[in-house]
Amino acid sequence: MKVLSIALVGLCGFAGSAMAACPAGPTTAEGGAWTSKSVLPPSTSTLAVTTPGLDATECALSSSLGPSTTASAFVRYNHAASEPNYRFQFLVDTTALSSFSATDNVVVFQAPATTAANGFNRLLRVSLVAGPAGAKRVRFIAQCGTGTFSCGQTFATDLIAGVNRIEGKLTVGAGAAGQLDYWVNAAAGTTEPAASGTIANLDNAAWGGVSAASLGLTAPSAAYKTNHPTQVVKFDRFDSRRQTYIGS
């Protein structure tokens with residue numbers, strides 16, 4: 001089993017394992033594995049390690065935001081080296097979120113860059129956005145070297161009720177070498193299937209590579225702030241690698 005609070009940045013040497021008890025919090029100072037955490041006002045924003053986990057694991061990370069567009073509640077891991085080839089996976093459960101309106105959105109994952117370029121210091125964001133009839137979908141926004149420097153794609157299938165698995169493969173490179181492939185609720189297994197979607201020709205070499213990972217809630221839209229204060233989103237089984245498909 002993999003426990004979010006102690007696992008799983010494969011690039012950084014953590015091995016999947018389980019704990020008999022969950023730590024007091026997600027950071028290394030609290031017994032977890034993450035470098036730092038951020039919880040910004042209002043005081044109703046929360047971030048905590050809770051039980052049980054989402055996949056027969058001991059613990060999950062629970063995050064909620066107070067009614068402010070500047071609220072955040074997330075953890076961050078700083079990688080030891082810049083990563084031009086970066087794979088990541090996490091589980092997310094949005095069961096406690098009420099139906100989304102057309103302009104509801106909130107960021108759940110970010111991959112900050114080694115180098116700032118074109119006014120941005122991140123390579124990738126993953127957000128929850130609205131689907132039809134109150135459903136929720138996931139949107140991937142990768143930094144790119146042309147136009148507005150932001151290339152986005154929303155996966156055109158609603159998230160399922162309960163636990164969803166998100167995986168991505170970000171390649172940093174000049175011209176067509178820069179690319180994001182992603183998988184949303186792909187079948188379990190370590191054999192890489194066809195990607196759920198691809199954003200090609202990113203031309204993202206100027207950003208250098210991935211220097212950190214952050215997981216949790218941040219950058220809510222005005223609608224999200226109004227419609228979902230204190231509603232909890234849960235995360236589990238974060239993992240990252242350089243080369244191999246993660247799968248499950």
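# Rings and strands: three exercises

F238 has 0% relative accessibility, so F238 is buried (under 20% relative accessible area; exposed is over 50%, partly exposed lies in between, with a 1.4 Å probe and protein chains only). This is a predicted model, where local features need pLDDT of at least 70, side-chain atom pairs need 80 or more, and totals for chains, interfaces and linings use all residues. Residues count from 1 along each chain as its sequence is written, and side-chain values use heavy atoms, with hydrogens and water left out.

**Exercise 1.** Which kind of aromatic pair do W34 and F238 form?

Start with the rule: rings of Phe, Tyr and Trp (its six-membered ring) pair when their centres lie within 6.5 Å; planes under 30 degrees apart are stacked, over 60 edge-to-face, the rest tilted. The count by this rule is 11 aromatic pairs. For W34 and F238, the centres are 5.3 Å apart and the planes meet at 55 degrees, which makes the pair tilted. Next, place the partners: W34 sits in the segment before β1 (36-40) and F238 in strand β14 (residues 233-241), so the pair ties together parts 204 residues apart in sequence. (Strands are DSSP E runs of at least two residues, numbered from the N terminus.) Now check W34 itself: its relative accessibility is 1%, so W34 is buried. Finally, look around them: one aromatic cluster takes in W34, Y86, F88, F90, F109, F235 and F238.

**Exercise 2.** Where do F140 and Y182 lie in the chain, and are they buried or exposed?

Take the geometry before the location: the ring centres of F140 and Y182 are 4.0 Å apart with planes at 15 degrees, so this pair is stacked. F140 belongs to strand β8 (residues 136-143) and Y182 to strand β11 (residues 179-184), so the pair links parts 42 residues apart. F140 and Y182 are both buried. Then follow β8 to its partner: 5 bridges join β8 to strand β9 (residues 150-154), running antiparallel. In that pairing, F140 faces Q153 of β9. The β8-β9 hairpin has 6 residues between its strands, and there G147 takes a positive phi near 65 degrees.

**Exercise 3.** Which strands stand at the edges of the open sheet of 7 strands?

Write down the order: β2-β3-β14-β5-β10-β11-β12, with antiparallel pairing (two strands pair if DSSP finds at least two bridges between them). β2 (46-50) and β12 (197-199) are the edge strands; each has a single partner, so one side of each lacks a neighbour in the sheet. Now zoom in on one pairing: strand β10 (residues 163-171) is joined to β11 by 6 antiparallel bridges. Along this pairing, K169 stands opposite D181 of β11.

Methods: Helix = DSSP H or I, 4+ residues; strand = E, 2+ residues; numbered from the N terminus.
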